[in-house]
Amino acid sequence: MGTVTTSDGTAIFYKDWGPRDGQPLVFHHGWPLSADDWDAQMLFFLQQGYRVIAHDRRGHGRSDQTADGHEMDTYAADVAALTDALDLRDAVHIGHSTGGGEVARYVARAKPGRVAKAVLVSAVPPVMVKSDSNPGGTPIEVFDGFRTQLAANRAQLYIEIASGPFYGFNRPGAEVSQGLIDNWWRQGMTGATNAHYECIKAFSETDFTEDLKKIEVPVLVMHGTDDQIVPYDDAAPLTVKLLKNGTLKTYEGYPHGMLSVYPDELNPYILEWLKS
């Protein structure tokens, strides 16, 4: 574990496990979490011989709580600073939710030779918010509601998201994991309120259409049809259409946090795709 300092002096915390000569897998977490959300994936791929790396986005987890920079251009620049510092080449960048947007923005701008493949899981691209150009999107009022609740009682909001729609624990017959709920809350409360507040705009209103069009490397797009956070129909199928070399893997009835609920199914599939 260590930190990388970006051009504006922000310390970005990261984990870096595994052989230095192993292919790097870089994991990008969702809002409002941290690198810890990737425990099930990092351990699995470490055991497969990969070098696994995950960072805390600025304002999240153990990275610096900055006053500004809580938007996708800066997030991507922070990732570039990390990959430059570690001199990562032929890396696979794997992003969940907001992290999927971060991956799209970074990979579209990455230096030649830095990226071999990318994986977007339950990811926010192409764009979440409803507009004339995105009529199937989520109304802005939903995100305004998140901001209002976050400002009023962030701790309660995080309990409600984790125990409800994020993992699909609000569905009839769901097998609820209190550990996942508590860990989600713990990660969220470690970060900064201002960063989480501003990140809502970053993940909901950023349009990744042009980023997706620019990406040349193979991209695996994975999404559950019962995603209550990033609705399937307005995300994965549209993303794949914009990619030059995209593969869509749909999981019927799976929730937004499917990587944590079904790691024994998703991890081997990602491994198989990486080796293909």
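## A buried aromatic pair

Both Trp-31 and Phe-146 are buried. This is a predicted model. The protein chain holds ten helices and eight strands.

Phe-27 is also buried, with a relative accessible area of 1%. Trp-31 and Phe-146 make a tilted aromatic pair. Their ring centres are 6.3 Å apart, with 40° between the planes. Trp-31 sits in the loop between S3 and H1, and Phe-146 in helix H4 (residues 140–163), so the pair ties together parts 115 residues apart in sequence.

## Further ring pairs

The structure holds 14 aromatic pairs. One of them joins Phe-27 and Phe-45. This pair is tilted, at 6.4 Å centre to centre and 40° between the planes. Phe-27 belongs to strand S3 (residues 24–28) and Phe-45 to helix H1 (residues 39–47), so parts 18 residues apart in sequence are tied together. Phe-45 is buried, with a relative accessible area of 0%.

Which residues do ring pairs link into a cluster with Trp-31? They are Phe-143, Phe-146, Tyr-158, Phe-166, Tyr-167, Phe-169, Trp-184 and Phe-203.

## Overall shape and surface

For 276 residues, a compact globule would have a radius of gyration near 19 Å. The protein chain has 17 Å, which agrees. Its C-alpha trace spans about 45 × 40 × 40 Å along the principal axes.

Of the 276 residues, 57% count as buried. Take the contacts between residues at least 6 apart in sequence: 75% of them join residues at least 24 apart. The accessible surface comes to about 11000 Å². Carbon and sulfur atoms account for 51% of that surface. The chain carries 24 positive and 36 negative charges, and the mean positions of the two sets are 5 Å apart.

## Cis peptide bonds

Trp-31 also takes part in a cis peptide bond, which leads to Pro-32. Omega there is near -10°. Pro-32 lies in the loop between S3 and H1.

Another cis peptide bond joins Pro-125 and Pro-126, with omega about 0°. Pro-126 is placed in the loop between strand S6 (115–121) and H4.

## Positive phi values

Asp-90 is not a glycine, yet its phi is positive, at about 50°. Its place is the loop between helix H2 (72–86) and strand S5 (91–96). Asp-90 is partly exposed, with a relative accessible area of 45%.

Ser-97 also has a positive phi, near 60°, in a residue other than glycine. Ser-97 lies in the loop between S5 and helix H3 (98–109). Is Ser-97 buried or exposed? Ser-97 is buried, with a relative accessible area of 7%.

## Two helix residues

Ser-204 belongs to helix H6 (residues 193–205). Ser-204 is buried, with a relative accessible area of 0%. Setting aside neighbours within four places in sequence, Ser-204 is in contact with Val-127, Met-128, Val-129 and Phe-143. Phe-143 is one of the residues in the ring cluster.

Lys-213 is found in helix H7 (residues 209–214). Lys-213 is partly exposed, with a relative accessible area of 37%. Beyond neighbours within four places in sequence, Lys-213 is in contact with Leu-242 and Lys-244. Tyr-106 is 107 residues from Lys-213 along the chain, and their C-alpha atoms are separated by 13 Å.

Technical notes:
Residues are numbered from 1 along each chain as its sequence is written. This is a predicted model: local features need pLDDT of at least 70, side-chain atom pairs count only at pLDDT 80 or more; totals for chains, interfaces and linings use all residues. Side-chain values use heavy atoms; hydrogens and water are left out. Helices (H or I, at least four residues) and strands (E, at least two) are DSSP runs, numbered from the N terminus. The radius of gyration is taken over C-alpha atoms; the globule rule is 2.2 Å times the number of residues to the power 0.38. Buried means under 20% relative accessible area, exposed over 50%, partly exposed in between (1.4 Å probe, protein chains only). Contact means heavy atoms within 4.5 Å. Accessible areas come from the Shrake-Rupley method with a 1.4 Å probe; for residues, only the protein chains shown count as cover. Lys and Arg count as positive and Asp and Glu as negative; His and the chain ends are not counted. The place of a charge is taken as NZ of Lys, CZ of Arg, CG of Asp or CD of Glu. Rings of Phe, Tyr and Trp (its six-membered ring) pair if their centres lie within 6.5 Å; planes under 30 degrees apart count as stacked, over 60 as edge-to-face and the rest as tilted.
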